[in-house]
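Here is a short note on the structure shown below. The points go through one residue group at a time and then turn to the chain as a whole.

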Amino acid sequence: MIEVPVRLPAILREFAGGQAVLHVPLDGAVTVGALLDRLAAERPALERRIRDERGVLRQHVNVFVHETNVRDAGGLATEIPPGVEVLVIPAVSGG
């Protein structure tokens with residue numbers, strides 16, 4: 001089992017008990033999809049802000065494994081190397 005650090009912006013911290021970084025334990029496959037599945041089980045309100053009801057990343061949410069946007073890599077199948085942080089960054093818009 002490994003723990004993957006997931007860094008959250010202030011806007012999502014209310015769904016993570018106020019924490020800026022969650023340490024998510026994973027067994028088996030260490031992918032973004034597995035990480036989000038674990039979040040769905042432990043913190044469903046947070047995970048619903050990252051993926052939609054189909055399990056797809058929401059359009060205005062970016063997930064980075066180290067410095068790589070998973071949309072430009074393998075999507076939810078993107079592997080998370082040991083010791084690498086995952087960042088969740090929702091788009092900020094305004095007018």
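Is Asp-37 buried, partly exposed or exposed?

1. The model is predicted, and what follows should be read as a description of that model. Asp-37 is partly exposed, because its relative accessible area is 46%, which lies between the 20% and 50% cut-offs. Asp-37 belongs to helix 2, residues 32-42.

2. The side chain of Asp-37 forms a salt bridge with that of Arg-51, at 2.8 Å from N to O. The two residues are 14 positions apart and the pair links distant parts of the chain, since Arg-51 sits in the loop between helix 3 (44-48) and strand 3 (61-65). Unlike its partly exposed partner Asp-37, Arg-51 is buried, with a relative accessible area of 8%.

3. Arg-51 has a second salt-bridge partner in Glu-47, with an N to O distance of 2.5 Å. Glu-47 counts as buried because its relative accessibility is 9%, under the 20% limit. Asp-37, Glu-47 and Arg-51 thus belong to one network of salt bridges. As background, side chains of opposite charge can pair when their charged atoms come close.

4. Another salt bridge joins the side chains of Arg-54 and Asp-52, at 2.6 Å from N to O. Here Arg-54 counts as exposed at 63% relative accessibility, whereas Asp-52 is buried at 13%. A search of the whole structure finds five salt bridges, including those described above.

5. On charge overall, the chain carries 10 positive and 12 negative charges, and the mean positions of the two sets are 7 Å apart.

6. Leu-8 is worth a separate look. This residue lies in the loop between strand 1 (2-7) and helix 1 (10-13), and it counts as buried at 2% relative accessibility. Once neighbours within four places in sequence are set aside, the contacts of Leu-8 are Arg-13, Ala-16, Gln-19, Ala-20, Leu-22, Leu-46 and Val-88. Val-21 is 13 residues away from Leu-8 along the chain, and the C-alpha atoms of the two are separated by 6.0 Å.

7. The backbone at His-66 deserves a check by eye. Its phi is positive, about 60 degrees, although the residue is not a glycine. Most residues other than glycine have a negative phi. His-66 is placed in the loop between strand 3 and strand 4 (68-69).

8. On the fold, the chain has three helices and five strands, arranged along the sequence as β-α-β-α-α-β-β-β. The radius of gyration is 12 Å, close to the 12 Å from the globule rule for 95 residues, so the chain is as compact as a globular protein of that length. Along the principal axes, the C-alpha trace spans about 45 × 30 × 25 Å.

9. On packing and surface, buried residues make up 38% of the 95 residues. Among contacts with a separation of 6 or more, 45% are between residues 24 or more positions apart. The exposed area of the chain is about 5,500 Å², of which carbon and sulfur atoms supply 52%.

Definitions and conventions:
Residues numbered from 1 in each chain as written. Predicted model: local features only at pLDDT ≥ 70, side-chain atom pairs only at ≥ 80, totals over all residues. Heavy atoms only, no water. Helix = DSSP H or I, 4+ residues; strand = E, 2+ residues; numbered from the N terminus. Rg over C-alpha atoms; globule rule 2.2 N^0.38 Å. Buried < 20%, exposed > 50% of the residue type's maximum accessible area, 1.4 Å probe, protein only. Contact = heavy atoms within 4.5 Å. Areas by Shrake-Rupley, 256 points an atom, 1.4 Å probe, with all protein chains shown as cover. Lys, Arg positive; Asp, Glu negative; His and termini not counted. Charge placed at Lys NZ, Arg CZ, Asp CG, Glu CD. Salt bridge = Lys/Arg side-chain N within 4 Å of Asp/Glu carboxyl O.
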